[in-house]
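Me: I'm new to this one and would like a close look at a single part of it. Could you pick a spot in the sheet and walk me outward from there?

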Amino acid sequence: MTGRIKPCSMSLSVSRPETHTVRIQLDRPEALGAMSRELLGKLETTIHDLALDTTVRALILTGTGRSFSTGADLKERTTMNPTEVRDFLNRIGVLFAAIEALPFPTICAINGFAFGGGLELALTCDFRIAASDATLGLTETSLGIIPGAGGTQRLTKLIGTAKSKLLILTARKITAADALQIGIVEDVVEPAQLDATALSLAAEIAKNAPIAVRQAKFAINAAASVDLGTGLTVERNAYEITIPTRDRLEALQAFREKRKPQFTGE
């Protein structure tokens, strides 16, 4: 089944810079990419549609202007009662889990500030590339709260307990270079090269057999939450799914003919 991407406007832009690559851009530069109810709703719809789209092989998530996202829209938050705050937080948690569970690889191109929920959003992606002038931080404790959209868990799994505590308990903001050093991002590039670098990585992934890529991601994700024996079983089952595919046969035929394979996702 192939889903269709619905066009978005105002707070969110969705495009296909390449045939199999989708680009989502948070488009609230006047609010530094803060996540409002409107933006959240559009992201929910877009991610739902993308999860059903078998033509997508890679997703790039980025922001606009000098900020990726500074987290929740605090101006809007002041109008919410405690019940509304809890509902909003629950919706963000569900959305971020859905992004993390997307079957194809995801790349976050951090173009500027990534604070609070903005960094938590970046942590749901498989890869993070940061502009050299970006600044990152889980700053919630400075606002009387804690990361509530997975930040305490995803950051800890990524960089370890002590470093995670250091960043969260101090609400420290760090440079892109520091984020690279401690393992939050995989690469740091000049701002003018950010989009091209993200697109290059997406293309490098998209050229491979999409069923194999999806199954590999599934197996790797399982490794974080199961013992080795269970993980090996997951891997074997994922491998089995690739055996009857046309793409596997195409790869063998291309090898014999000394040409690049043309994968169709079948």
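Reply: Start at Ser67, which stands opposite Phe113 in β6. Keep in mind that you're looking at a predicted model. Ser67 falls within β4, which covers 67–69, and β6 takes in residues 113–115. These two strands run parallel, with two bridges joining them.

Now zoom out a little. The strands belong to an open sheet of four, in the order β4-β6-β8-β9, and the pairing is mixed. At the edges you'll find β4 and β9 (174–175), each of which pairs on one side only. As for what holds such an arrangement together, strands of a sheet pair through backbone hydrogen bonds, either parallel or antiparallel.

Back to β6, since its residues have more to show. How many aromatic pairs turn up in a search of the whole structure? Just one, and it's made by Phe113 and Phe115. A pair of aromatic rings is described by the distance of the centres and the angle of the planes. Here the ring centres are 5.4 Å apart and the planes sit at 25 degrees; under 30 degrees counts as stacked, so this pair is stacked. Are the two partners buried or exposed? Phe113 has 22% relative accessibility, so it counts as partly exposed, while Phe115, at 11%, counts as buried. Phe115 has another neighbour too: Lys173 lies over the face of its ring, 4.6 Å from the ring centre.

Both Phe115 and Lys173 lead us to Leu136, which touches the two of them. Other residues that Leu136 touches include Ile110, Ala114, Ile174, Ile184 and Val185. Leu136 is also one of the residues touching the most other members of the largest nonpolar core, along with Ile24, Phe68, Ile110 and Ile184; that core has 44 residues. Apart from it lies another core, this one of ten residues, among them Ala58, Leu194, Ala198 and Ala202.

One last stop: the cysteines. How many disulfides does the structure hold? Zero. A disulfide is a covalent bond between the sulfur atoms of two cysteines. The sulfur of Cys108 has its closest cysteine sulfur in Cys125, at 4.8 Å, which is too far for a bond because the cut-off is 2.5 Å. Cys125 is likewise in no disulfide. Both residues are tucked away: Cys108 is buried, with a relative accessible area of 0%, and Cys125 counts as buried at 6% relative accessibility.

Technical notes. Residues numbered from 1 in each chain as written. Predicted model: local features only at pLDDT ≥ 70, side-chain atom pairs only at ≥ 80, totals over all residues. Heavy atoms only, no water. Core = buried A, V, L, I, M, F, W, Y, C linked by side-chain atoms within 4.5 Å. Buried < 20%, exposed > 50% of the residue type's maximum accessible area, 1.4 Å probe, protein only. Contact = heavy atoms within 4.5 Å. Phe/Tyr/Trp six-rings, centres within 6.5 Å; stacked < 30°, edge-to-face > 60°. Lys NZ or Arg CZ within 6 Å of the ring centre and 35° of its normal. Pairing = 2+ DSSP bridges. Lists of a residue's contacts leave out its neighbours within four places in sequence.
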